[in-house]
Amino acid sequence: MAALDSLSLFTGLGLSEQKARETLKNTVLSAQLREAATQAQQTLGSSIDKATGTLLYGLASRLRDPRRLSFLVSYIASRKIHTEIQLSAALEYVQSHPLDPINTEDFEQECGVGVVVTPEQIEEAVEAAINRHRAKLLVERYHFNMGLLMGEARAALRWADGKMIKHEVDMQVLHLLGPKTETDLEKKPKVAKARPGETDRRTAKDVVENGEAVVQTLSLMEQLRGEALKFHKPGENYKTPGYVTTPHTMDLLKQHLEITGGQVRTRFPPEPNGILHIGHAKAINFNFGYAKANNGICFLRFDDTNPEKEEAKFFTAIYDMVAWLGYTPYKVTYASDYFDQLYAWAVELICRGQAYVCHQRGEELKGHNPLPSPWRDRPTEESLLLFEAMRKGKFAEGEATLRMKLVMEDGKMDPVAYRVKYTPHHRTGDTWCIYPTYDYTHCLCDSIEHITHSLCTKEFQARRSSYFWLCNALDVYCPVQWEYGRLNLHYAVVSKRKILQLVAAGAVRDWDDPRLFTLTALRRRGFPPEAINNFCARVGVTVAQATMEPHLLEACVRDVLNDTAPRAMAVLEPLQVVITNFPAAKVSLLQGVCVLGERQGGVHLDLGVGIPVPQTLLLLQALDIQVPNFPADETKGFHQVPFGSTVFIERTDFKEEPEPGYKRLAWGQPVGLRHTGYVIELQHVVKGPSGCVESLKVTCRRADAGEKPKAFIHWVSQPLTCEIRLYERLFQHKNPEDPAEVPDGFLSDLNPASLQVVEAALVDCSVALAKPFDKFQFERLGYFSVDPDSNQGQLVFNRTITLKEDPGKV
């Protein structure tokens, strides 16, 4: 019956029946609106007109401090506040003046109470705005931005009714321009606008995504300095929508400003129970980047409240990844630093009647709308004694918890603040057998460290009410929680539990397997940290969750490596080529990893590729070739490689019977050897007993001594033998965790070709001194990084990415 009365009341305010029913589902809004409507009816003594009803609904849905409801309703019911702009000013005023009493004279002046704007004033203001833009208006006609005229008129007459201004603008423009013509009705062509603060270099440089050229986005730092985020200023927490104030708020904020000096403070708070992944890169960039953009500081705080799952290796790996991405924490802290203070506050919370010891089991607390705890109203003194007993280890795990008396946004009732765990802590040992939860710890640690902007992902939005509630329940400084969208990638899993399953199944080696999207894996594969930061900037500071294609991240990697990875030459499937007329040159000792071995027919050298070479070739004729480190910019230097009478080329760069369009080495089709200035032409094909091609004999000539060849191929001479690991996507489907896409689970979706190992590839000797994580572009093959598995005399390379995106990928 009460619901029907409320429905009738709400429709009487001018709400549609559907809107009224939706409002009833929101218990807080419907209660506030019911109270506002009831008071307004009592004041008016009659029914409420639609205009007043709209203002009352706006008030109930936007007011964050229920104490001010009666005060503001009285102004609306008496029609002292009768426009939307006045209501907005009133809401802003009470939010920025949380302390009692309100200065009514100041309030009314700020809200335009009693100010009358005449039609003549509106006419004059619109006429003045039109005259300022008359010339452009006559040229652009109805394509002109009429909002500009309305904005200027409203700026001149702050309390004027917006509808009256729009009507006056329409009338005066029609009088000036006359009715719209066909040309006026045509759509104005869109012109790409340069983003504020964007440099000439950025506007000039386009990137290609999905086959279309698009202008690069602003860097994350530029976004954080610009209009992308309109966060509160330090100390102005109370101006944030949803922020809950108390009589102590302003004093606490004053103390906060005295401590911080108005400095922006953020924190990156990972749990040390796993390795950071690509989604964390956005969080790191956001927290550290926002602080840096505003000359502030950022803490790295380990949320170490669950000793069962935490390991020392994770602390080290997390710190290393933050540093690898280029950020230095102002200070490294731990939730465990504050265990004594957190415990003292928990006792205080019980004393204030806001927490109690509960004996419901974990399974009883799960699911939607669990029954209220039968121990919710137990005496304070009893909860204090039981909490102390928990602290002294008198309860088994699961027998008792400390719960807070509140209901969260998602309907979760009385979240747990402390639970019993008999697991030694990595820092505090066995000092504690009770540990605080995230819901209890996080906001209080933020308060202790005087964080100004507590930035977290969207799934924590349901905890915002408990965040504010707990700080206010203890009368401590309350920061502001801001939420942003997570960053995910297709063809990937980042869940710690699922990565452990992959490791256990032998699908990957460990957390840093280059096929994963953990940050340690991306580093091992050769992704530069700048590329990951640029990718986060391209994704932007979004509220919505973003699930991106891996090729967008790879495009950022290519942009960086193209400018930073020096060139070298390597051959994955070697084919020996002997140049029979090699030009006379100095004699050089054969370089490379060579071993003497006994073979039929005499002593041979083994190059590690199954190709026997007579010992008489130990001394070879060779030229020293100068190869630019970056062919597009020779000012970045050169490296030297030997060019001898025996070279090795890719087996795919030769065909006895080429198909139409084949441009590499074939009968009657010479090719150039990159960087040498020579062209080789096929003379003889040497085959083994099985008919397989074992080597080629060719002649060479200067590249400028005849017709230009159709192609230039890479090669190596006197090379090093190395191992090369070629990676593809680990999963075959975009969403391996989606049962609709992969019914048998993500482990059934593994790509059997995700790793190919080339054990005896050849690379030129310029990379001989390379160290783990050094990066190179192997010409025509892709970008490669030295793997930590390398040892002296045996380099191992990971292919980071190919030179161009594979058009076959979807």
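This report walks through a predicted model of one protein chain, from its overall make-up to its helices, strands, pocket and cavities.

## Overall make-up

The chain of this predicted model has 810 residues, and 50% of them count as buried. Its secondary structure comes to 26 helices and 32 strands. Among the contacts in the chain with a separation of 6 or more, 68% are accounted for by residues that stand 24 or more positions apart.

The structure holds zero disulfides. Two of its cysteines can be set side by side: Cys 692 is partly exposed, with a relative accessible area of 44%, whereas Cys 722 is buried, with a relative accessible area of 0%.

## Helices H5 and H6

In helix H5, which runs over residues 69–77, the buried residues are Leu 69, Leu 72, Val 73, Tyr 75, Ile 76 and Ala 77. An α-helix has 3.6 residues a turn, so residues three or four places apart point the same way. The cover over the buried residues of H5 includes helix H3 (27–44), helix H4 (50–62), helix H6 (84–96) and helix H7 (104–110). After H5 comes Arg 79, which has a positive phi, near 65°.

Helix H6 contains Leu 91, a residue that counts as buried because its relative accessible area is 9%, and buried means under 20%. Leaving out residues up to four places away in sequence, Leu 91 touches Leu 59, Arg 62, Leu 63 and Leu 72; Leu 72 is also one of the buried residues of H5. Leu 91 and Arg 64 are 27 residues apart in sequence, and their C-alpha atoms are 8.8 Å apart in space.

## Strands and a sheet

Strand E6 covers residues 355–358, and its residues point in two directions: Ala 355 and Val 357 one way, Tyr 356 and Cys 358 the other way, with all of them buried. Strand E7 (residues 401–404) pairs with E6 in the antiparallel sense over four bridges, and within E7 the bridge partner of Val 357 is Leu 402.

Elsewhere in the description of strands there is an open sheet of seven, with mixed pairing and the order E14-E30-E31-E32-E28-E29-E15. Strand E14 (567–568) and strand E15 (570–571) stand at its edges and have a single partner strand each, so one side of each is left without a neighbour in the sheet. Strand E28 (residues 720–727) and strand E32 (residues 795–801) pair in the parallel sense over four bridges, and Arg 725 stands opposite Asn 798 in E32.

Strand E12 (residues 487–489) offers a further residue to look at, Asn 488. Asn 488 counts as buried because its relative accessible area is 18%, which is under 20%. Apart from its neighbours within four places in sequence, Asn 488 is in contact with Gln 545, Ala 546, Thr 547 and Met 548.

## The largest pocket

The largest pocket has a volume of about 940 Å³. Its lining is made of 37 residues, and those nearest its centre are Glu 271, His 280, Glu 459, Phe 460 and Lys 496. By type, the lining residues of this pocket divide into 14 nonpolar, 12 polar and 11 charged.

Four elements can be named here, since strand E3 (265–268), helix H16 (278–293), helix H21 (438–448) and strand E10 (453–457) each supply at least two residues of the lining of the largest pocket. The largest share of that lining, four residues, comes from H16.

## Cavities

Rolling a probe the size of a water molecule over the atoms shows where empty space is left. The structure holds six cavities of 30 Å³ or more, and the second largest cavity has a volume of about 60 Å³. The second largest cavity is lined by Tyr 438, Asp 439, His 442, Cys 443, Phe 460, Arg 463, Ser 466, Tyr 467 and Gln 481. Two or more residues of this lining are given by H21 and by helix H22 (464–473), and H21 gives the most, with four residues.

The lining of the second largest cavity divides into four nonpolar, three polar and two charged residues. Phe 460 appears in the lining of this cavity and also among the residues nearest the centre of the largest pocket.

Terms used: Residues numbered from 1 in each chain as written. Predicted model: local features only at pLDDT ≥ 70, side-chain atom pairs only at ≥ 80, totals over all residues. Heavy atoms only, no water. Buried < 20%, exposed > 50% of the residue type's maximum accessible area, 1.4 Å probe, protein only. Contact = heavy atoms within 4.5 Å. Disulfide = S-S within 2.5 Å. 1 Å grid on protein atoms, 1.4 Å probe; cavity = no way out; pocket = protein on both sides within 12 Å on 5 of 7 lines; lining within 4 Å. Points joined across faces, edges and corners; volume = space filled by probe spheres on them. Nonpolar A, V, L, I, M, F, W, Y, C, P; charged D, E, K, R; others polar. Pairing = 2+ DSSP bridges.
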